[in-house]
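Please open the model in your viewer and keep the selection panel at hand. The tour below moves from one selection to the next and says what is found at each stop.

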Amino acid sequence: MALTTAPVDMSYAEAAALAVQREMEADPKVVVIGEDVGRGGIFGQYKGLQQRFGDQRVIDTPISEAAIMGAGVGMALAGLRPVVEMRVVDFALCGMDELVNQAAKNRFMFGGQGRVPLVARMPGGIWDASAAQHSQSLEAWFAHMPGLVVVCPSTPQDNHALLRAAMQCGDPVVYIEHKALWGLREPVDETVTIPLGQAARLREGTALTLVSWGKQVHACAEACAALADQGIAIDLIDLRTLWPWDRETVLESCGRTQRLLVVHEAVQAAGFGAEIAATAAEATGCRIARLGAPRIPVGYAAVLEAQSRVGAEAISAAARRLVD
Amino acid sequence: MDSHFPDPGRALALYRTMARIRAFENAAEIASQGGVSAYGQQATGSVRVRGPLHLSTGQEAVPAGVCVHLKPADYLTSTHRGHGHTLAKGADLRRMMAELFGKATGFNGGKGGSMHIADFSVGMLGANGVVAAGLPIAVGAAHAQKLQKKDAITVCFFGDGAINRGPFLESLNWAQVYGLPVLFVCEDNRWSATTASGPMTAGDGASARAEALGIAATQVDGNDVFAVHAAAARLVDTVRSGSGPRLLHALTYRVKGHVSVDPAAYRDPAELAAALDTDPIARARAACLRAGIAAAALDGTDADAHAEVEAALVAAAEAPWPDAAAAFTDVQTTGAGQWH
Ligand SMILES: Cc1ncc(C[n+]2csc(CCOP(=O)(O)OP(=O)(O)O)c2C)c(N)n1
């Protein structure tokens, strides 16, 4: 199979499917388990894989999140490299013991005898009009848990490269794609590799450091463009991996700008923004603000749902307050 | 088949429940696609049903036949496919339509939408966006009824896909261990999202699993409302008399896709065609006619259902949106003494 070298235009979902395909081609130990994966997954993020690799490697399962996650742990201990599909992050909660008490603890608890190289894909974020049980952003829960790597890709290119990196990681990775990004398209270069734990600087500036991840990066980019017109140049950092997170890049920037704004879609209270803010404050003493959703469940009606959204305008306003 | 036929008044009541569910869901489906009402008269403009809409078309006989035996004090838990259950339990049709539109006049003030329908005023404790999550909640409600010595029972609807999640087993075990007044109703429509349930389920399904735990199970043709009605009558009586949990395994079919926008292209058209031949409403109608009920009575029931749904659509379209501030209410109570 000839490796594509020229970047090819593809969606966030297609980029992910291609990443799984490449890893499956490279390593016969890679398997996919989850509900509806044989039909390509509910977002097309496994499209064509069962036809290509058969139902012994892309395995449809019962509706059994606990068993899917737990079986992933067992498969990993027995030498396979499972990609575990949770459909949405909200349903991953049905496999929480298996992820948190089993997958995350195994290597440490058994003195390094076992390794659990599984990737748990659990799409997150607000999904239009899907209400309180299908729209949550729970990345901080997982970042809190020793033993888990946490990844939140924001673009097709990153989704391709980071999913491959996650699948090559020897430990459990919580991989949170955003449901509102599946259709986002851009040229993807398959040869690009991105190590876990490395942030991307999307814009350079001296007025303020702006840190975000996932879909919120796009709202931040929009805000930065508007602020640039007003002469405010922002250092925009897409964290990409929440654990381990790229302290060096963030702290270097905060040291220069002396101002940090962290933006996330998740509820602000006890969100991962607090971790970054505290770390930056300790290391650089910079001025800090956080911006996330209020601590409310996501409502169904558009007007209620909007209360949980953090948009470019709110980001710009928060940035201006910090700079003033 | 007509051996189950009840008295004509009851037969017509069952037919009416099914007709209302069908009319409601047909209208909701159209309102989710284009913002136009079911019968094309009332343009609803930018107002429409948003988000995932799970239709129970073809499954109406199960809630109709079961819930007719329930009282307001009886509890009900439901699934993501819960419009039929809710209507059959006696919930207000207009308020449900308003909830689908996300309006302030809906059951939940627009906070829940179709997947989170609930009407506590008639004992309907909630639809659920998480498969099998209603089972332990039903068991808890039934446990409370028993502890409080209430003369009431809980009915729990769930799908054939749900029986593969742990909470199904854990809930049946709990209900049996404590001898709880709960009727588990498996609506076996043969599909779980885009995957057929059969190949994903070991053994003989819901009934066999219940029996393995000592819970007597009854299988019924879930597209024959009179058969469901008769079986549920016995089971509800048994559960009400304090004999512990029972399970009703109703064999039906999911006529539409998993959600309203799903064309279900993964399904064999022959399978659908065969199922359409056993449409529960057409069958009930034929049975009613055979039993001597006038066609005019059935037609009038249909017309009433359509008129009621049309009025609900108009009311929902015209109703106010929730205030943005409502997003911050009913989140939780903090501090002591605020809840008794
Ligand atoms: C715990 C959990 N896993 C997965 C889903 C996604 N999902 C929603 S409905 C559904 C199929 C459920 O099948 P079944 O229980 O048979 O009910 P039906 O849809 O056929 O009425 C799935 C997999 C979910 N909502 N919750």
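## Where the chains meet

Begin by selecting B:Arg50 and A:Glu305, which form a salt bridge whose closest N and O atoms are 3.4 Å apart; a salt bridge here is a side-chain nitrogen of Lys or Arg within 4 Å of a carboxyl oxygen of Asp or Glu. The model is a predicted one, in which local features need pLDDT of at least 70 and side-chain atom pairs count only at pLDDT 80 or more, while totals for chains, interfaces and linings use all residues. Residues are numbered from 1 along each chain as its sequence is written, chains are lettered from A and ligands numbered from 1 in the order in which they are written, and side-chain values use heavy atoms, with hydrogens and water left out.

Across the interface of chain B and chain A, the rule finds two salt bridges. Widening the selection to the whole interface brings in 38 residues of chain B in contact with 30 residues of chain A, contact meaning heavy atoms within 4.5 Å. Between them the chains bury about 2,600 Å², 61% of it on carbon and sulfur atoms; buried area is the accessible area (1.4 Å probe) that two parts lose on being put together, summed over both. Highlight B:Arg50, B:Arg165 and B:Met200 next, since these supply 23% of the area that chain B buries against chain A, more than any other three residues.

## The sheet of chain A

Now hide chain B and select the strands of an open sheet of seven, ordered E3-E2-E4-E5-E7-E6-E12 in chain A, with mixed pairing. Helices (H or I, at least four residues) and strands (E, at least two) are DSSP runs numbered from the N terminus, and two strands pair if DSSP finds at least two bridges between them. Strand E3 (58–60) and strand E12 (241–243) of chain A stand at the edges, each with a single partner strand, so one side of each is left without a neighbour in the sheet. Neighbouring strands of this sheet are turned by 20° against each other on average, direction ignored, the axes being lines fitted to C-alpha atoms, for helices over the stretch in contact, and angles running from 0 to 180 degrees between N-to-C directions.

Zoom in on E2(A), where five of five residues are buried, that is, under 20% relative accessible area, with exposed over 50% and partly exposed in between (1.4 Å probe, protein chains only). A:Val30, A:Val32 and A:Gly34 point one way from this strand, and A:Val31 and A:Ile33 the other way. E2(A) pairs with E4(A) in the parallel sense over four bridges, and A:Val30 has A:Arg81 as its bridge partner in E4(A). Three bridges join E2(A) to E3(A), also in parallel, and A:Gly34 stands opposite A:Asp60 in E3(A).

Add helix H3 (residues 65–77) of chain A, which lies across E2, E3, E4 and E5 of that chain and runs at about 170° to E4(A).

## Towards strand E12

At the other edge, strand E6 (residues 149–151) of chain A and E12(A) pair in the antiparallel sense over two bridges, with A:Trp243 in E12(A) as the bridge partner of A:Val150. Select A:Trp243 together with A:Pro244: the peptide bond from the tryptophan to the proline is cis, with omega near -5°. A:Pro244 belongs to the loop between E12 and helix H10 (247–257) of chain A.

In the loop between strand E11 (234–238) and E12 of chain A, pick A:Arg240, whose phi is near 65°, a positive value in a residue other than glycine. A:Arg240 is buried, with a relative accessible area of 7%.

## The nonpolar core of chain B

Bring chain B back for the last stop. The largest nonpolar core has 67 residues, of which B:Phe24, B:Val66, B:Met97, B:Val155, B:Leu183, B:Phe226 and B:Leu248 touch the most other members; such a core is a set of buried Ala, Val, Leu, Ile, Met, Phe, Trp, Tyr and Cys residues joined through side-chain atoms within 4.5 Å. Helix H1 (residues 8–33) of chain B gives the largest share of this core, eleven residues. Centre the view on B:Phe226, which touches residues including B:Phe5, B:Leu14 and B:Cys288, not counting residues up to four places away in sequence.
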